[in-house]
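Student: I should like a close look at a single part of this structure, the strand on which Ile-128 is found. Please describe its surroundings and continue from there to the sheet and the empty spaces.

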Amino acid sequence: MKVFFYLLWLLPFFSDAQTPDLIFVFLNKREDKAELPEAELKKIMDGHMANIERLAKEEKLVAAGPFDGGGGIFIFKSNSTEQVKGWLQTDPGVQANRWRVEVLPYFPHVGGACTVTEPYEMVTYQFIRFIPNIAKFNIQDAPRTLRKHDDYLKEIVKTGNVVTEATFGDDEGGILVMKGDLDQTVIETDPAVREGLLQFEIKKLWIAKGGLCEK
């Protein structure tokens, strides 16, 4: 019960009070997905790509991109996670349970999501996801640690290499998208990572240039 009340106290540090204008979707790679015949898998992925094009033409889907090694992201123009969950059900890959899907409110502080028209120029970025790891051993120091985390990200932004810095509201953490090579120690030095309050994942994201509103 004590941990529960601490979590309620921490919500202002993780969340943005306003209603989101964007919804972020993780299509997380599943290691346990069923092996399918090549022809069936091609049919699913062709349908997946066709559905992406349709949602983009309907001005629902703003940006999308795959990760190296599997999975990817969508960014939708919506203020409702439930609405987006409905839109996702038109995707053959989602219907076939090819990914573990997360649907989150999206609050970009640097960058955003911008519509890009053809011809697309695909670029790669370093995609860092911060995942909260709140436990009894670190919860009392969490507000102070998260303030240091925010200050640390502001210093990284000053380098000019940050394409996007954003949070997902509530206790779902956030992301940092950077161009160029990334020295992992930069992320490991983050005070919240050092103190065990945040865990992180680093992946390579492919996306159409300009899709994250980068210059």
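Tutor: The account below begins with one strand and proceeds outward to the sheet, the cavity and the pocket.

The model is predicted. Within it, Ile-128 belongs to strand S5, which spans residues 122-132. Ile-128 has a relative accessibility of 0% and therefore counts as buried, the cut-off being under 20%. The strand as a whole follows suit: eight of the eleven residues of S5 are buried, so S5 is largely enclosed by the rest of the structure.

The contacts of Ile-128 show what surrounds this position. Leaving aside residues up to four places away in sequence, Ile-128 touches Gly-174, Ile-175, Leu-176, Met-178, Leu-182, Ile-187, Phe-200, Glu-201 and Ile-202. Gly-174, Ile-175, Leu-176 and Met-178 fall within strand S7, residues 174-178, while Phe-200, Glu-201 and Ile-202 fall within strand S8, residues 198-208. A further spatial reference is Phe-168, which is 40 residues from Ile-128 in sequence and 13 Å from it in space, C-alpha to C-alpha.

Both of these strands pair with S5. Eleven bridges join S5 to S8, and the two run antiparallel; in this pairing, Val-123 stands opposite Ile-207 of S8. S5 also pairs with S7 in the antiparallel sense, over five bridges, and there Arg-129 has Ile-175 as its bridge partner.

These pairings form part of an open sheet of eight strands, ordered S2-S3-S1-S4-S6-S7-S5-S8 with antiparallel pairing. Its edge strands are S2 (61-66) and S8, each of which pairs on one side only. On average, neighbouring strands of the sheet are turned by 25 degrees against each other, direction ignored. At the S2 edge, five bridges join S2 to S3 (residues 72-77), and these strands run antiparallel; Ala-64 stands opposite Phe-74 of S3. Helix H3, residues 81-88, lies across S1, S3 and S4 (99-110), at about 135 degrees to S4.

S5 also contributes to an enclosed space. The count gives one cavity of 30 Å³ or more, and the largest cavity has a volume of about 40 Å³. Its lining consists of Phe-26, Asn-28, Phe-67, Phe-127, Arg-129, Glu-201 and Lys-203. S1 (22-29), S5 and S8 each supply at least two of these residues. By class, the cavity lining has three nonpolar, one polar and three charged residues. Two of the lining residues recur from the description above: Arg-129, the bridge partner of Ile-175, and Glu-201, which is among the contacts of Ile-128.

The largest pocket, by contrast, is an open space, of about 1,000 Å³. Of the 41 residues that line this pocket, Met-49, Ile-52, Leu-61, Ala-64 and Gly-65 are the closest to its centre. Ala-64 is thus the residue already described as standing opposite Phe-74. S1, helix H2 (38-57), S2, S3 and S8 each supply at least two residues of the pocket lining; the largest share, eight residues, comes from H2. The pocket lining divides into 23 nonpolar, nine polar and nine charged residues.

Notes
Residues numbered from 1 in each chain as written. Predicted model: local features only at pLDDT ≥ 70, side-chain atom pairs only at ≥ 80, totals over all residues. Heavy atoms only, no water. 1 Å grid on protein atoms, 1.4 Å probe; cavity = no way out; pocket = protein on both sides within 12 Å on 5 of 7 lines; lining within 4 Å. Points joined across faces, edges and corners; volume = space filled by probe spheres on them. Helix = DSSP H or I, 4+ residues; strand = E, 2+ residues; numbered from the N terminus. Nonpolar A, V, L, I, M, F, W, Y, C, P; charged D, E, K, R; others polar. Pairing = 2+ DSSP bridges. Axes fitted to C-alpha atoms, helices over the stretch in contact; angles between N-to-C directions. Contact = heavy atoms within 4.5 Å. Buried < 20%, exposed > 50% of the residue type's maximum accessible area, 1.4 Å probe, protein only.
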